Amino acid sequence: MVEVSLTVGKLDASLALLLTKDHHLIEFPTILLPDGVNAGSVVTIKCEQDLEQEKEEKRIFQETQDKILELFGTNEPKAPVLKL
Amino acid sequence: MVEVSLTVGKLDASLALLLTKDHHLIEFPTILLPDGVNAGSVVTIKCEQDLEQEKEEKRIFQETQDKILELFGTNEPKAPVLKL
Amino acid sequence: MITSQRSIPEVKEDTPGSCLDERAAKIRTFQELGPPDLVSLTKVLPGGKTPELGTFLYYTGLDNSSSSAVAAHLNQIANTISQEPQAWFGKYKHFKVTKAIYASYDAFSQVDVVVTCHLPGAVSTYVIDGRGEHVQETDRIWLGVFASSVMRSLVTTDDEEEQVNAIVESRALDPFSSPDLAKLFLHAFEELFYEGPNIGCAPEVQTASLVQNYLVDALLKTVELTGLYDEALEILERLRTKEESVVALIVKVLLLKDEEVKAVKALYDGIQKTPRDPELLLIESQFLIKKGKLTLALKSAIDAVNSAPSEFNYWANLSKVYLELGDIEQSLFTLNSCPMAAFKEKYHLKRLLLAPADKVHLPLPNDVTLEDVVALDTNMVAQEHRSIDQALANLPAAKLKTTLAKAYNILTEIVHRTGWEALLKYRARIFVMEEEYRSKSTSQTNIAENGNVNADDGFKQKRLCERWLDNLFMILYDDLKTYTMWQAELIHFQAQRTVYEKLPIEWEYLGMCAFRLHHYKEASVAFQNALETRFAPVCTRNLLKYYLLEAQGLQKQALHSGANGSADQASVESAHQIERKLDNLDNLILELIVKLTAWNHRWYSEFAPYLVKALGTVVEREGLVKVENEISAGYAEETGVAAMMNDYFQFFKLFNRPGADS
Amino acid sequence: MITSQRSIPEVKEDTPGSCLDERAAKIRTFQELGPPDLVSLTKVLPGGKTPELGTFLYYTGLDNSSSSAVAAHLNQIANTISQEPQAWFGKYKHFKVTKAIYASYDAFSQVDVVVTCHLPGAVSTYVIDGRGEHVQETDRIWLGVFASSVMRSLVTTDDEEEQVNAIVESRALDPFSSPDLAKLFLHAFEELFYEGPNIGCAPEVQTASLVQNYLVDALLKTVELTGLYDEALEILERLRTKEESVVALIVKVLLLKDEEVKAVKALYDGIQKTPRDPELLLIESQFLIKKGKLTLALKSAIDAVNSAPSEFNYWANLSKVYLELGDIEQSLFTLNSCPMAAFKEKYHLKRLLLAPADKVHLPLPNDVTLEDVVALDTNMVAQEHRSIDQALANLPAAKLKTTLAKAYNILTEIVHRTGWEALLKYRARIFVMEEEYRSKSTSQTNIAENGNVNADDGFKQKRLCERWLDNLFMILYDDLKTYTMWQAELIHFQAQRTVYEKLPIEWEYLGMCAFRLHHYKEASVAFQNALETRFAPVCTRNLLKYYLLEAQGLQKQALHSGANGSADQASVESAHQIERKLDNLDNLILELIVKLTAWNHRWYSEFAPYLVKALGTVVEREGLVKVENEISAGYAEETGVAAMMNDYFQFFKLFNRPGADS
């Protein structure tokens with residue numbers, strides 16, 4: 001996990017400019033900032049890989065692909081009787 | 001606090017392109033991503049205001065300003081004898 | 001058509017042969033596929049009093065697979081000019097062509113291949129690079145120059161843009177005059193496959209890849225025109241063993257071949273191996289849209305965007321899927337996220353050398369005499385143009401290119417569903433405009449930087465509307481205003497029972513405006529109105545597009561009623577009706593194709609892929625024999641139309657295309 | 001100097017007075033401060049045979065505080081031309097000026113004020129806007145047009161750029177010919193303060209603010225030139241009660257006034273009220289750098305960047321502080337983060353109307369005859385230019401502008417400390433170059449998108465080197481190569497005891513190159529070499545810069561040895577030495593100022609703030625009386641130099657500047 005402290009440099013309609021201690025400038029959607037944050041505020045951003053979610057998304061992805069194959073990639077049109 | 005799940009769309013030298021579920025595109029410094037993250041990974045970004053740190057920075061800021069005033073903003077050159 | 005003196009435009013040179021020096025000096029500046037091929041002729045008047053005369057013209061599609069093929073064509077040109085006096089700037093001159101030189105650019109090796117024919121005499125060839133130095137002639141270069149030539153022919157002769165007449169001193173031939181040439185191009189594709197990305201790609205593609213470049217575009221067009229599916233698939237399967245991303249091309253060819261089940265299987269297989277291949281996900285999404293499976297299509301569209309978030313095409317597709325799903329807000333959001341290719345231009349053929357009006361010889365071919373097409377007077381059109389409201393003539397939407405044009409097309413689809421008022425409301429609800437953004441942010445600067453102000457939440461939820469999209473809204477407003485005023489006037493005139501009169505050029509602009517706004521029916525009426533007065537290439541081309549769309553719709557309907565299986569009276573009736581309508585449409589389509597072919601022919605162009613494709617659909621439905629008969633019955637022999645169309649018919653026969661396969 | 005026929009350039013018109021119509025038609029296109037003032041003259045030859053003749057010329061600095069002030073000057077011009085025959089395109093003509101019209105742009109109201117003098121006859125005034133309509137004349141407009149005129153005069157006559165001769169058919173007068181005019185400008189500043197941001201700002205400022213714009217720039221320059229500190233402070237304190245950000249200007253004026261303690265107090269006070277005012281933090285940081293308190297300066301520099309991360313100046317300062325601290329990596333990192341103003345141009349005076357060479361009357365003033373300055377033949381210089389190595393003449397660094405020039409200056413400071421080899425190592429260690437980035441990312445695309453590859457850590461730590469910075473590295477390489485080769489050749493020639501000969505123009509380019517690379521001593525040698533052969537304005541200007549830097553250094557040294565308090569023999573000796581050196585330098589400085597003033601005078605320009613400032617430092621050190629004496633002793637009366645310099649001496653007396661205050 002990466003955790004970093006950032007200063008809010010500028011806060012505009014849709015984008016905020018955040019700065020790290022070593023002067024990385026990050027454009028960050030204002031919408032992802034917590035309420036009450038202003039120019040001059042300090043925020044902490046924690047970034048973590050979500051392996052659980054990745055697995056879940058892979059599962060859904062695979063399921064979708066299988067479904068598409070089933071729908072359009074089999075030679076015979078799917079007959080409902082076969083489902084029993 | 002704001003917590004958001006993002007997919008890593010593209011991962012380049014210094015910038016990663018992250019996407020939210022509702023298709024916000026975020027340019028994010030690759031350096032702030034945890035190790036092992038690749039294009040296609042899912043990451044969670046938590047963003048929290050750090051009031052503690054804000055206070056600390058304000059304190060240091062004020063201290064610095066006071067010091068500068070003391071050094072250059074007093075009429076008499078600071079004489080060490082006065083310090084006793 | 002047979003090459004005649006009247007099918008060869010020429011430009012007179014001040015110094016004979018200087019065109020080749022100028023070309024050689026510019027080789028290093030050639031970009032992407034380079035300029036069209038150049039033919040330089042040296043002509044003398046027997047008697048020897050007058051000095052040599054140099055002329056040149058451009059070519060696309062000339063068979064340059066070998067120096068002998070080139071020499072054969074150069075000989076033919078030379079003989080055509082030499083065999084009888086040539087009408088030449090108001091006089092007849094009996095020239096002898098003593099030398100003919102052909103130069104063609106190999107974009108792969110970035111060299112020019114130059115073939116020289118002395119008449120009579122020997123044929124010689126040399127290859128020259130960007131520094132003006134001679135380079136060893138190799139098989140690879142011959143393959144490269146052939147492939148480059150085919151690509152220039154296929155990539156630029158599109159129906160999307162006003163390409164005819166771009167360079168009038170130019171001939172366009174069919175690059176696939178024999179199946180061997182088409183097969184040779186497939187072979188060249190395989191050989192040059194890994195160099196494809198170096199040659200360039202469509203402007204909406206940000207980074208050329210092995211499956212996204214002009215070489216690939218030319219391959220797919222070749223396969224679509226010639227039907228050489230299996231030959232292409234064999235090559236692609238071989239390439240796939242080394243480069244998995246080729247599977248996207250396999251799927252595309254299978255879909256062209258109408259092998260849907262196989263295509264879906266290949267797609268599945270490819271995605272299993274490379275789940276984040278954005279091109280495969282895009283194809284999947286587009287396939288699912290066609291099948292009406294919108295929720296599934298959305299999933300693939302999102303996955304494609306997430307896999308390649310800096311490419312335009314995937315975002316544009318996502319925006320379309322949202323639109324199909326009726327989610328206007330997300331459609332606009334994602335449209336706004338499309339990365340624009342602001343500075344890239346589509347590859348097109350450019351003049352390499354000046355062609356001053358008084359040095360250009362542009363004969364009028366007299367072997368095809370379709371009265372109204374030939375009679376079109378460009379001066380009169382120019383005058384018509386000057387006489388009309390310039391706001392109509394300069395609607396900014398007509399000038400949009402590449403990604404902006406595509407984004408505009410999505411925006412017009414959106415407004416077609418929502419209407420203008422509702423669209424404005426959506427816009428106000430979800431976007432902060434640049435102005436608003438600025439004024440907000442400047443007024444807040446001092447306060448915000450004091451740290452006293454909290455951005456209000458409503459403002460925070462919105463996204464900044466990109467400047468280009470903001471601009472497209474304004475452009476859309478102009479189109480809508482034009483369209484609405486026209487329709488209102490029309491109703492007014494109809495109510496007054498007066499005839500609503502416009503000049504053909506006005507109908508053309510109105511028609512194009514309606515077409516952009518997806519009011520196809522109204523557009524077609526405008527085009528027909530224009531064509532009642534005179535021939536107009538743009539109207540004809542777009543009317544053809546409309547008829548082809550109509551025919552496609554009817555065919556789908558027919559398929560549906562046929563698949564129904566029930567043979568009751570009503571459905572037989574309706575199937576009969578559809579067939580009658582299709583027959584009628586096919587006749588109209590045929591008529592437009594004839595006109596456009598005659599127009600192209602007048603400008604020395606014998607090859608237009610979009611016309612081959614259009615004619616192909618008619619041939620497939622009606623059968624070639626019937627179409628041939630209709631042409632001979634419909635046009636007197638002396639018009640030359642039958643002879644002209646015969647080139648296309650030959651193409652279908654050569655490649656054994658559906659309807660021509662006996 | 002007294003206005004004479006030879007100090008008035010003119011351009012002949014085809015139609016008398018058409019310049020005013022053309023100007024009026026362009027008002028809506030005027031940007032920022034607009035064009036210079038225009039004077040149009042109508043001349044007739046008594047006798048009435050020949051038609052009226054129209055001429056025009058441009059002005060800056062003409063007193064336009066009222067219509068009568070303008071009329072007075074127009075009358076003076078008219079009389080000067082009418083009173084004796086004028087040398088006119090090779091003949092003498094005894095013109096009568098019958099009409100003189102003056103037009104000046106008020107950038108605040110975006111209107112032109114036009115004053116017409118009939119001779120003899122009445123004076124009339126009208127005001128015209130961008131739509132060509134007449135507008136009511138108001139006090140506000142008079143104030144605006146006066147302020148605009150002063151701003152045009154002060155903002156464009158900078159020493160940084162080659163401004164002299166930009167428009168030769170133009171006169172530049174001193175805008176502050178009386179203290180009342182300077183005070184009037186201060187008053188105008190107060191009145192127009194809130195409109196400042198609308199007029200534009202220096203190109204390196206992304207967003208103009210109340211304290212960052214051309215109006216503010218002109219105020220600060222006025223205060224610096226005239227020493228009207230207290231008058232300015234009174235106004236600024238009044239403004240501060242309504243707009244706290246003004247405190248930054250108060251601090252700047254206090255620093256100009258050398259009131260450091262007060263300035264620091266005001267700074268402290270301002271920052272307490274607005275802790276995130278980036279301008280205050282920048283001033284603080286720069287002050288601390290000057291005081292050698294680098295750690296504190298870094299803190300303020302970081303706070304400034306964090307408060308306004310999209311402004312160039314704050315990033316540039318941060319990069320400089322890191323450099324001073326010896327942290328090259330962070331200096332390069334932050335330099336790379338500087339937001340570039342790629343498309344903005346510095347405001348400069350532009351020609352409004354064509355001036356074909358054969359219609360331009362450019363007399364040679366003969367009241368100042370400084371031989372080598374007047375003798376400079378521009379044709380010869382042009383020929384010299386053509387004869388030299390064009391690589392030297394076209395060193396790309398010389399053409400850098402605005403933010404790029406400033407960033408380059410930081411980069412050259414870095415290389416000055418590290419050397420080229422070490423800089424390259426730093427670059428390789430911390431930056432990924434665009435190329436590397438691309439090749440890495442394309443080659444990774446397929447694999448990375450399969451999700452199989454982890455970016456290696458070394459690669460990840462680096463930052464992408466911005467394309468412009470990458471480009472600056474290449475530009476720097478060219479400069480360094482030029483400089484190194486020159487120095488190597490020099491040593492070689494010295495070893496061989498041969499004279500190292502170059503043309504003056506070559507010395508000029510070499511000197512500028514060395515100057516850019518902060519090799520000031522070597523630059524000065526090159527400039528001196530050039531000036532040994534002939535006068536060269538660029539060399540003179542930059543040599544002056546060098547001497548001023550040297551003098552500044554010596555003065556600091558003197559202050560130090562004086563402040564030491566110990567009166568031992570060694571320090572008295574050294575103080576004496578310093579004084580002698582300074583004396584010597586002041587003589588050199590004076591000589592260069594005389595030459596540059598004469599050069600400007602030859603081109604009808606009587607006002608250059610940088611020369612006023614330079615002369616001011618000498619006057620302050622030596623006293624005005626001594627300087628005046630040196631001039632009269634050094635230049636024979638018939639050269640006119642004393643009379644010419646007297647204008648500047650008057651300025652110092654009028655404003656009671658240090659050294660002139662008796």
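## Two contacts in a predicted model

Between chain B and chain A, 13 residue pairs are in polar contact, both partners having pLDDT of 80 or more. This is a predicted model, so here is a tour of two places where its parts meet: one between chains, the other inside chain C.

### Where chain B meets chain A

Let's stay with the chain pair. Which elements of chain B give two or more residues to the side that touches chain A? They are strand 1 (2–11), strand 3 (25–29), strand 4 (42–49) and helix 1 (51–72). Strand 4 of chain B gives the most to that side, with eight residues. Sorted by class, the side of chain B that touches chain A has 15 nonpolar, eight polar and eight charged residues.

Some of those charges pair up across the gap. There are two salt bridges between chain B and chain A. Take Lys21(B) and Glu57(A): their side chains meet in a salt bridge at 3.1 Å, N to O.

As for the contact as a whole, chain B puts in 31 residues and chain A puts in 32 residues. Together they bury about 2,700 Å², and carbon and sulfur atoms give 61% of that area. On the chain B side, Leu32(B), Val42(B) and Cys47(B) supply 21% of the area buried against chain A, more than any other three residues.

How do the two copies sit relative to one another? A turn of 180° with a shift of 0.0 Å along the axis lays chain B on chain A, with an RMSD of 0.1 Å. That is how a two-fold axis relates two copies. If you want to find the axis in the picture, look for Lys46(B): of the residues of chain B, Lys46(B) comes closest to the rotation axis, with its C-alpha at 2.5 Å. And the copies meet through the same surface, because 100% of the interface residues of chain B are also interface residues in chain A.

### Inside chain C

Now over to chain C. Its domain assignment gives domain 1 (10–172), domain 2 (179–337) and domain 3 (369–376 + 535–662). We'll look at domains 2 and 3. Over C-alpha atoms, the centres of domain 2 of chain C and domain 3 of chain C are 29 Å apart. Each of these domains brings eight residues to the contact.

The area buried between domain 2 and domain 3 of chain C is about 750 Å², with 69% coming from carbon and sulfur atoms. Which three residues supply 69% of what domain 2 of chain C buries against domain 3? Pro179(C), Leu225(C) and Thr226(C) do, more than any other three residues.

One salt bridge is counted between these two domains of chain C. In chain C, the side chains of Glu224(C) and Lys613(C) meet in a salt bridge at 3.7 Å, N to O. Two residue pairs are in polar contact between domain 2 and domain 3 of chain C, both partners at pLDDT 80 or more.

On the domain 2 side that touches domain 3, the elements giving two or more residues are helix 4 (179–192) and helix 6 (214–226) of chain C. Helix 6 of chain C has the largest share, three residues. By class, this side of domain 2 has five nonpolar, two polar and one charged residues.

### The two contacts in a table

| Contact | Buried area | Share from carbon and sulfur atoms |
|---|---|---|
| Chain B and chain A | about 2,700 Å² | 61% |
| Domain 2 of chain C and domain 3 of chain C | about 750 Å² | 69% |

Notes
Residues are numbered from 1 along each chain as its sequence is written. Chains are lettered from A and ligands numbered from 1 in the order in which they are written. This is a predicted model: local features need pLDDT of at least 70, side-chain atom pairs count only at pLDDT 80 or more; totals for chains, interfaces and linings use all residues. Side-chain values use heavy atoms; hydrogens and water are left out. Domain bounds come from an automatic or database domain assignment. Contact means heavy atoms within 4.5 Å. Buried area is the accessible area (1.4 Å probe) that two parts lose on being put together, summed over both. A salt bridge is a side-chain nitrogen of Lys or Arg within 4 Å of a carboxyl oxygen of Asp or Glu. A polar contact is a pair of N or O atoms within 3.5 Å; within protein, one must be able to donate a hydrogen and the other to accept it, and residues adjacent in sequence count only if both atoms are side-chain atoms. Helices (H or I, at least four residues) and strands (E, at least two) are DSSP runs, numbered from the N terminus. Ala, Val, Leu, Ile, Met, Phe, Trp, Tyr, Cys and Pro count as nonpolar, Asp, Glu, Lys and Arg as charged, and the others, Gly among them, as polar. Copies are superposed by least squares on the C-alpha atoms of residues with pLDDT of at least 70 in both.
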